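Got the viewer open? Load the model, show it as a cartoon, and keep the selection box handy. We'll go from stop to stop.

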Amino acid sequence: MHIRLPQTHELDTINAIILAAKSHWGYPKAWIAQWMPELEVTAQRLEQQRLWVASRQNELVGVVALTEVDELGQIELCDCWVEPNHMRQGIGAALLRFACEQATKMTATRLVLAADPNAEDFYLRMGAVKVGERASLPQGRKLPLMAIELEA
């Protein structure tokens, strides 16, 4: 597997991975439609965020993205998606380790994320701790807020 910067012509594939990964959990289509404006990767977002793709044999299989480091030394993991046919093959773990390495290079001391409830156990296994909750759509839904302390 190779992790690299994406190219603009790969946006459709990136968004297809995100949609497939989110749909994998069996959410109602109406919920996914509410979430997609926030989840969609656009050309503008490619320029504004640090986003990478994972490829295996020239096929995109995952996406990971980070925001900028804030004044507290925290950086947010905004995206970590694996195409469902490639789940449980270590790609998500590799993407998260890569994100932590990149965050450390950017001088972050803590990686924070709002996890999909179905992915909470994955992040716990990877060393994250739950630090709170964040409101989500539809109204009343909550996402676990998690953090990983980064080593210098």
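Start by selecting arginine 88: at 83% relative accessibility it counts as exposed, where exposed means over 50% relative accessible area, buried under 20% and partly exposed in between, with a 1.4 Å probe and protein chains only. This is a predicted model, in which local features need pLDDT of at least 70 and side-chain atom pairs count only at pLDDT 80 or more, while totals for chains, interfaces and linings use all residues. Residues are numbered from 1 along each chain as its sequence is written, and side-chain values use heavy atoms, with hydrogens and water left out.

**Backbone oddities**

Stay on arginine 88, in the loop between strand 4 and helix 4. Helices (H or I, at least four residues) and strands (E, at least two) are DSSP runs, numbered from the N terminus. Check the backbone here: phi of arginine 88 is near 65 degrees, a positive value in a residue other than glycine. Most residues other than glycine have a negative phi, and most peptide bonds are trans.

Now pick glutamine 57, in the loop between strand 2 and strand 3. Its phi is positive too, near 50 degrees, and glutamine 57 is exposed, with a relative accessible area of 79%. Next on the list is threonine 107, just after helix 4, with a positive phi of about 70 degrees.

Where is the cis peptide bond? Select leucine 137 and proline 138: the bond joining them is cis, with omega at about -10 degrees. Proline 138 sits in the loop between strand 6 and strand 7.

**Helix 4**

Select residues 91–105, which make up helix 4. At 1.5 Å a residue, its 15 residues should span 21 Å, and the end C-alpha atoms are indeed 21 Å apart; the expected span is 1.5 Å times one less than the number of residues. Is helix 4 largely enclosed or largely open? Largely enclosed by the rest of the structure, because 11 of its 15 residues are buried. Among the buried ones to show as sticks are Ile91, Leu95, Leu96, Phe98 and Cys100.

**Helix 1**

Move to residues 11–23, helix 1, and put a distance label on the end C-alpha atoms: they are 18 Å apart, in agreement with the 18 Å that 13 residues should span at 1.5 Å a residue. Colour Leu11, Ile14, Asn15, Ile17, Ile18, Ala21 and Lys22, the buried residues of this helix. Look down the axis of helix 1 and they fall within an arc of 150 degrees, so they line one face of the helix; the arc is that of the directions from the helix axis to the C-beta atoms. What covers these buried residues? The cover includes helix 2 (29–39), helix 3 (43–48), strand 2 (50–56), strand 3 (59–66), strand 4 (74–82) and strand 7 (141–149).

**Two buried side chains on strands**

Click valine 82, in strand 4. At 10% relative accessibility, valine 82 counts as buried. Contact means heavy atoms within 4.5 Å. Leaving aside neighbours within four places in sequence, the contacts of valine 82 include Ile17 and Ala21, along with Ile91, Gly92 and Leu95. Lysine 22 is 60 residues away from valine 82 in sequence, yet the two are 9.4 Å apart in space, C-alpha to C-alpha.

Then go to leucine 60, in strand 3, which counts as buried at 10% relative accessibility. Not counting residues up to four places away in sequence, leucine 60 touches Arg4, Glu10, Thr13, Ile14, Ile17, Val53, Ala54 and Ser55.

**The largest pocket**

For the last stop, turn on a surface and find the largest pocket, with a volume of about 1000 Å³. Of the 40 residues that line this pocket, the closest to its centre are Cys80, Trp81, Asp116, Ala119 and Tyr123, so select those to get there. On a 1 Å grid over the protein atoms alone, a pocket is an open set of points where a 1.4 Å probe fits, with protein on both sides within 12 Å along at least five of seven lines, and lining residues have an atom within 4 Å of a point. Grid points are joined across faces, edges and corners, and the volume is the space filled by probe spheres set on the points.

Strand 4 gives the largest share of the lining, seven residues. By class, the lining has 21 nonpolar, eight polar and 11 charged residues; Ala, Val, Leu, Ile, Met, Phe, Trp, Tyr, Cys and Pro count as nonpolar, Asp, Glu, Lys and Arg as charged, and the others, Gly among them, as polar.
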